[in-house]
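Colleague: Before I use this model, I would like the reasons behind the terms in its description.

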Amino acid sequence: MSKIQALGLDVGSTTVKMVGLDAEGEMAWHFLEQAEPLLENQIARFLERARNVTGPLDGIPLVATGYGRGLVNQATRTVTEITCHARGIYRELGHGGTLVDIGGQDSKVIGISPQGKVIDFTMNDKCAAGTGRFLENTASRLKVSLDRMGPEALSVSDEVSISSTCTVFAESEVISLIAHGVSIASILRGLHRSLVKRMVSMILTVGLTPPLMLSGGVAQNPAIRQMLEEETGQKIILPHYPQLMGACGAALFALDA
Ligand code: ADP
């Protein structure tokens, strides 16, 4: 018999993530896919996947989060990403502080109390600069894959300054820099710096209460982690599965039920 007692589904703008928890709230199963245009079909497929692991889903509470949470008709409840990320990270790390969540198309800074409650937050979901999309677009122009962007950026010490904060203009700037013979690694370093500087200004609007924690898919990028440490002077604390923190938090709310 499956150990899974609760499910969390995070329907993000870039990826869809699902987590199954056992009775103790430990992760027993997880699954992630790139988000597809027909989210309803994808959600149905995720539920089918879960059913293959758990057996019939009746009686297993499911909480949905993420920008597409309203499309999960089967959910017992929906909860915002901010609350879910805070809950997921607090469960794993066991302390408050400042959480930076950088996803594919939005980013958030969340102040978490020592008891795990959200005290303050700010969110950028209006502009691709300051999100994973900013790096992805420009790196694909440079023919560098997602998981090589960070290591490439860290492979050099010279860094070119990218003046455009807009993703579209940054792409044109990158093309012009290549034409001037600037190395791809130096450009990548500059692009990472630009994203990190935007994150730091968001952090300052909420206020930085250490420790600094990181979640979301972009947390897997080592250059972002290193530069965020350099720019804030704070060591970053990383959960085991930064990209799954929202789904974990949702599943913990489901387990409450
Ligand atoms: P959302 O919840 O907004 O859908 P995620 O938190 O899943 O987004 O983050 C997705 C983003 O994470 C992608 O757009 C990509 O930029 C980034 N990402 C995912 N994996 C990696 C990796 N290995 N290295 C660098 N960036 C990554």
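The exchange below takes the terms one at a time.

Colleague: What kind of model is this?

Modeller: It is a predicted model.

Colleague: How do you know that the radius of gyration of the chain agrees with a compact globule?

Modeller: A compact globule of 257 residues would have a radius of gyration near 18 Å, and the chain has 19 Å, so the two agree. The C-alpha trace spans about 60 × 40 × 30 Å along its principal axes, and the secondary structure comes to 8 helices and 10 strands.

Colleague: Which residues are closest to the ligand?

Modeller: Thr14, Thr15, Lys17, Glu136 and Gln243 are the closest of the 17 residues that surround the ligand. A residue counts as near because one of its heavy atoms lies within 4 Å. Strand 2 (15-21), helix 3 (132-141) and helix 4 (146-154) each supply at least two residues of this shell. By class, the shell has 2 nonpolar, 12 polar and 3 charged residues.

Colleague: What makes the pair between threonine 15 and the ligand a polar contact?

Modeller: A polar side-chain atom of threonine 15 lies 2.5 Å from an oxygen atom of the ligand. The cut-off for a pair of N or O atoms is 3.5 Å, so the pair qualifies. Serine 13 has a polar backbone atom 3.2 Å from a ligand oxygen, and glutamine 220 has a side-chain N or O atom 3.1 Å from a ligand nitrogen; therefore these pairs also qualify. The protein covers 87% of the 580 Å² of accessible area that the ligand has on its own.

Colleague: Where does the ligand sit?

Modeller: The ligand sits in the largest pocket. That wording applies because more than half of its atoms lie within 2 Å of the pocket's grid points.

Note on methods
Residues numbered from 1 in each chain as written. Predicted model: local features only at pLDDT ≥ 70, side-chain atom pairs only at ≥ 80, totals over all residues. Heavy atoms only, no water. Polar contact = N/O pair within 3.5 Å; in protein donor to acceptor, adjacent residues only side chain to side chain. Areas by Shrake-Rupley, 256 points an atom, 1.4 Å probe, with all protein chains shown as cover. 1 Å grid on protein atoms, 1.4 Å probe; cavity = no way out; pocket = protein on both sides within 12 Å on 5 of 7 lines; lining within 4 Å. Helix = DSSP H or I, 4+ residues; strand = E, 2+ residues; numbered from the N terminus. Nonpolar A, V, L, I, M, F, W, Y, C, P; charged D, E, K, R; others polar. Rg over C-alpha atoms; globule rule 2.2 N^0.38 Å.
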